[in-house]
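Subject: Structure handover

Hi,

Here is the structure we talked about handing over. Please load it before you read on.

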Amino acid sequence: MCGIAGFMGTWSPALAQAMTDAIAHRGPDGSGLWLDDGIALGHRRLSIIDLTAAAAQPMHSGSDRYVLTYNGEIYNYRELRTELEQTGVSFRTGSDTEVLLELFAREGLGCVERLNGIFAFAVWDRQACTLSLARDHLGVKPLYYAELPGGFLFASELKPLVLCPDLPRDIDGATVGDHLGFLWTAGDRTMLKSVRKLRPGCTITVSADGAVGMNRYYRAPLFDDTAPPSSVDSEILRNEIDTIVSDQMVADVDVGALLSGGVDSSAIVASMCRAADPGKITTFCAAVTKPETGTDNFGDDQIHARLVAKKLGVRLIQVSTEADLVDALPEMIWQLDEPTADFAAVQTLLLARAARENGIKVLLSGVGGDDLFTGYGRHTAGVIWTMANRVPGLRGLGASLLGLFPPSSILGRRLQRIGALLALPEERMLADGMSYSAVGADRRRSLLAAGVRDTMPSDGIADGLRASLDHTRGRHPVERFLDLELNGFMPDHNLNYTDKMAMQAGVEVRVPLVDHRLVGHAMQLPLSSKISLLQTKKILRASQRDRLPNDILTRPKQGFGVPVRSWLQGPARDLLEDLTSRSAVTARGLFDADSIDSLKSDFYAQRVDAAFTLFPMMAMELWCRRLDRAVAVA
């Protein structure tokens, strides 16, 4: 729900208004702006709990000492409200906003550890003249900030910050390499050196003298090998999911769901049917024509979604997501705040629009299942790498044999990818396994301009990934992959595009499988309960055995997007040539023109699967062009 923006500094009220207006899509139901000497708090409202005007923001505490602007939902707000009422607190609204505000008034930023929800908020203490900010445990809700000589700015999205005339727009070279390999920026960096992302589970305090302090109150736990054997029980897991889904259906508006027909989203809808009348639940799936080229792995979600909907008795709306991608790309890139080269974002936007057109403001999603219970190809590759590593020379032999397969088919591409990972030592295998690019780190580095190339680590491991690798050293490679996902890939990519695209349509997406209680439970499960050489998500599939059709439980992992490879070879080839032309590349100064020409030649001849290396280049150029046109507000 909602969008927030503001600053602590000497900038004008016009900037505060412009920043708030820039996120109007996040809150089409209302707007609020509170100004005081040196402080501005802006809010755009998507009304979900307590739809009355009394629950509008920014909101003042009962004592009038604190002012809050907040984005998100606190699922346990009723329990917290009862507790506060027993201590004498009186409430004027039925909103979770007021509960959060009064809890903060009593406990300060420490209150975040008691919250069960998704949130990003800012509180101004009028007495102490301090600004406090916080982001939820797993980073479902985004929060950007900038520390400048003239003060401190923050917003739910990056776009409002670039409106500040004092914000430097220098590109962070390290993130160029990140996007080239991963499609997302690891850690707290963004494309702009001056702007940072508040990390999941973190808080910030800006004191009256401008000093900025940061604290981390939560980190996704590692596997606990002291957990009791009883925790490895699929029924316990299913009941936990049921409880969390029920909690997350709290709203004063209708709640629907995204249903791809995969085990994750299907499990969520099955749990929703335990909490509400299935006949009153509306679900949405993407209807995409399966590509004929055989090079892109998706296209039949609607078939499986229909099967689940019929089994559970829910309404299913199939949404055509075959947009004109050439036209959609420039706006999508800017809306995402980062040059994220993943067309799954467009599908999310179209599904959210369909939900809004059908009167639904809240959707539940299965995002996170792959990151908690395994599900990606890299997890299986991690199992294979570990097995092969036990036999001297076997990894090298496997790498040589699998490297012979051509990348012109799904199977050939997968086998070649596994072979490439087998050839690498563990740390590089893990980093490269997180990459979307099938082009190795050495060649990716050669694509960068000389000055940018120096910012890419020599081993290809992004700085934002290194903290996770250091934290998990000595553990099983698949456990290490899961930690990289929970602390990087998920908040910086999947959750980012899910939030940005859904909120572009004024729809909130909730993610039960990313609830920190479920994360804690999943991290107590031994790896053997999640994955084997032949199956991923073992315990999650088992937990749904009596609820979902067998075809769903045995369905292989499929992508969620569009046929990028055939798209770049065909209808988008002219756009690719424009955005990566020698003149465009030279003028921007981020890439090496000769190396890019060579890579394109290899791609067109199908010698190298370079689609997800070239596509990020296009995205970065489009993002930079839009940044060039963004006009600051004095």
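Below are notes on a pocket, a sheet, a helix and one lysine.

One point before the details: this is a predicted model.

**Pocket**

Start with the second largest pocket. Its volume is about 280 Å³. The lining has 19 residues, and those closest to the pocket centre are Arg 199, Arg 216, Gly 464, Ala 467 and Asn 487. By class, the lining splits into nine nonpolar, six polar and four charged residues.

Which helix gives the most to this lining? Helix 17 does, with five residues. Helix 17 spans 463-472, and helix 18 spans 477-504. Each of the two supplies at least two lining residues.

**Sheet**

Next, an open sheet. There are six strands, in the order 4-5-6-7-11-12, and the pairing is antiparallel. The edges are strand 4 (59-60) and strand 12 (212-216). Each edge strand has a single partner, so one of its sides has no neighbour in the sheet.

As a general reminder, strands of a sheet pair through backbone hydrogen bonds, either parallel or antiparallel.

Strand 11 covers residues 202-206. Five bridges join strand 11 to strand 12, in the antiparallel sense. For a concrete pair to check, take Thr 205: its bridge partner in strand 12 is Gly 213.

**Helix 8**

Helix 8 runs over residues 325-335. Which of its residues are buried? They are Leu 325, Ala 328, Leu 329, Met 332, Ile 333, Trp 334 and Gln 335.

These buried residues pack against several helices. The partners are helix 9 (344-357), helix 18, helix 22 (564-569), helix 23 (573-579) and helix 26 (611-629). Helix 18 has come up already, as a supplier of residues to the pocket lining.

Just after helix 8, look at the backbone of Asp 337. Its phi is positive, about 70°.

**Lys 600**

Last, a lysine. Lys 600 sits in helix 25, which spans residues 593-604. Is Lys 600 buried or exposed? The relative accessible area of Lys 600 is 4%. The cut-off for buried is under 20%, so Lys 600 counts as buried.

What does the side chain of Lys 600 meet in a polar contact? The partner is the side chain of Glu 577, at 3.1 Å. Leaving aside neighbours within four places in sequence, Lys 600 is in contact with Leu 576, Glu 577, Thr 580 and Leu 614. Glu 577 thus appears in both the polar contact and the contact list.

Best wishes

Conventions
Residues are numbered from 1 along each chain as its sequence is written. This is a predicted model: local features need pLDDT of at least 70, side-chain atom pairs count only at pLDDT 80 or more; totals for chains, interfaces and linings use all residues. Side-chain values use heavy atoms; hydrogens and water are left out. Helices (H or I, at least four residues) and strands (E, at least two) are DSSP runs, numbered from the N terminus. Buried means under 20% relative accessible area, exposed over 50%, partly exposed in between (1.4 Å probe, protein chains only). A polar contact is a pair of N or O atoms within 3.5 Å; within protein, one must be able to donate a hydrogen and the other to accept it, and residues adjacent in sequence count only if both atoms are side-chain atoms. Contact means heavy atoms within 4.5 Å. Two strands pair if DSSP finds at least two bridges between them. On a 1 Å grid over the protein atoms alone, a cavity is a set of points where a 1.4 Å probe fits but cannot get out, and a pocket is an open set with protein on both sides within 12 Å along at least five of seven lines; lining residues have an atom within 4 Å of a point. Grid points are joined across faces, edges and corners, and a volume is the space filled by probe spheres set on the points. Ala, Val, Leu, Ile, Met, Phe, Trp, Tyr, Cys and Pro count as nonpolar, Asp, Glu, Lys and Arg as charged, and the others, Gly among them, as polar.
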